[in-house]
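Open the model in your viewer and keep the sequence panel beside it. The stops below say what to select and what is found there.

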Amino acid sequence: MKNALTLTLMSFLLPGLAVAQASDGVDWKIAPYLWTVGIDGTATIGEVEQDMDIGFSDILSDFEIGGSLFAEVGKGNHSAHFDYTYIRLRPDPNTLPTPPFPADSTLATKLTISIFEPAYNYRFGGVDGNYALVLGARYLDIKMRMTPDIVVPEPFPELPIEGPDPLGAGPSWWDYFVGIKTHHQISTNWDFDFYGTIGGGDSDSPWTLQAMFGRRFSNDNRLGLGLRVWGLDYSNREGPMGQYAAIDATFYGLMIGYEFN
């Protein structure tokens, strides 16, 4: 228990670690990892829409805090996995359009994202098989806080928003998906994993793609480096006033982890 707690805390400090063991036919692993998330899309609260363009070069300046943890336990052809990601981003402020806003008006956004994914895996060939069918769900909780910086000269027409009071919305929802995992041994030291899903639910046709190369060492530990891309399109009216909140974005970035066996 002490070692498991230590690894969980290290997931927020190190690029990635993993532990995998098997006993009595039961296999399990715990894999903290790092996902350097970039975003391409838009976020909307009420009548206000902000472009989100966070590329790989912006990660160090826009990223505030984050961590990810993957766990899987199985026996034979069957297993269950759980994946949790927490990210807090603060993109550079956007310039608001003129009109209706005065020149040089800006909008700053703070984005907090929590993603939890439980899923069942049917592993063709058992733990050493090359393919698995995945059925699961994904809970997304996205908090958006937009703070306008507007100096209104007199006289000026009525605006959709007034500064500097922040606008806030917290859409959260469930999606459901079907997916496939593959594992291929390229050579003695190298392998390749793929994981893709497509689904439905409260958002419109969410999809994910993940590919990772692994370098296995003589002690059977493995260093993994790959790419993850997620697409989602969600909109809804929330809160007592029916405030409109939407996010239409693609999340993408490098993944890195180290697997201990």
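Start by selecting Arg216 and Asp191, both of which are buried. Their side chains meet in a salt bridge, at 3.3 Å from N to O. Arg216 belongs to strand E12 and Asp191 to strand E11 (residues 190-201), so far as the assignment goes 25 residues apart, and the pair links distant parts of the chain. Bear in mind throughout that this is a predicted model.

**More buried salt bridges**

The count of salt bridges comes to nine. Next, select Asp27 and Arg123, whose side chains form one with 2.9 Å between N and O. Asp27 sits in strand E2 (residues 26-45) and Arg123 in strand E7, so this pair ties together parts that lie 96 residues apart in sequence. Is Asp27 buried or exposed? With a relative accessibility of 13%, Asp27 counts as buried, because the cut-off for buried is under 20%. Arg123 is buried as well, at a relative accessible area of 7%.

Keep that pair selected and add Glu72 and Lys181. Together, Asp27, Glu72, Arg123 and Lys181 are linked in a network of salt bridges.

Now move to Arg228 and Asp83. The closest N and O atoms of this salt bridge are 3.2 Å apart. Arg228 is in strand E13 (residues 222-238) and Asp83 in strand E5 (residues 78-89); the two are 145 residues apart, and the pair links distant parts of the chain. Arg228 has a relative accessible area of 2% and is buried. Asp83 is buried too, with a value of 8%.

**Along strand E5**

Stay on strand E5 and select Thr85, which is found there. Thr85 is buried, its relative accessible area being 2%. Add Ser68 to the selection: the side chains of Thr85 and Ser68 are joined by a polar contact of 3.2 Å.

**A buried acid without a salt bridge**

Select Asp175, in strand E10 (residues 172-185). Which side chain of opposite charge is nearest to Asp175? That side chain is Arg138, 5.9 Å away, and Asp175 has no salt bridge although it is buried. Side chains of opposite charge can pair when their charged atoms come close. A salt bridge here requires a side-chain nitrogen of Lys or Arg within 4 Å of a carboxyl oxygen.

Show the polar surroundings of Asp175 next. Its side chain makes a polar contact with the side chain of Trp173, at 3.0 Å. A polar atom of the Asp175 side chain also lies 3.2 Å from the backbone nitrogen of Asp202.

**The loop between E11 and E12**

From Asp202, go on to Ser205, which lies in the loop between E11 and E12. Check the backbone torsions: Ser205 is not a glycine, yet has a positive phi of about 50 degrees. Ser205 is partly exposed, with 44% relative accessible area.

**The nonpolar surface patch**

Switch to a surface display and select Tyr120, Phe124, Tyr131, Leu133, Leu135, Val178, Ile180, Ile198, Trp207 and Leu209. These residues form a nonpolar patch on the surface, with about 900 Å² of accessible area together. Colour the patch by strand. Strands E7 (106-124), E8 (131-149), E10 and E12 (207-216) each supply at least two of its residues. Which strand gives the largest share? Strand E8 does, with three residues.

Pick out Tyr120 as one member of the patch. Tyr120 lies in strand E7, and at 34% relative accessibility it counts as partly exposed.

**The negative surface patch**

For the last stop, keep the surface display and select Asp40, Glu49, Asp51, Asp53, Asp204, Asp233 and Asp248. They gather in a patch of negative charge on the surface. Where does most of this patch come from? Strand E3 (residues 48-54) gives the most, with three residues.

Finish on Asp248, another residue of the negative patch. Asp248 is found in strand E14 (residues 243-260) and is partly exposed, with a relative accessible area of 40%.

How values were computed:
Residues numbered from 1 in each chain as written. Predicted model: local features only at pLDDT ≥ 70, side-chain atom pairs only at ≥ 80, totals over all residues. Heavy atoms only, no water. Patch = residues over 30% accessible without salt bridge, like charges linked within 9 Å, V, L, I, M, F, W, Y side chains within 5 Å. Areas by Shrake-Rupley, 256 points an atom, 1.4 Å probe, with all protein chains shown as cover. Lys, Arg positive; Asp, Glu negative; His and termini not counted. Charge placed at Lys NZ, Arg CZ, Asp CG, Glu CD. Helix = DSSP H or I, 4+ residues; strand = E, 2+ residues; numbered from the N terminus. Buried < 20%, exposed > 50% of the residue type's maximum accessible area, 1.4 Å probe, protein only. Polar contact = N/O pair within 3.5 Å; in protein donor to acceptor, adjacent residues only side chain to side chain.
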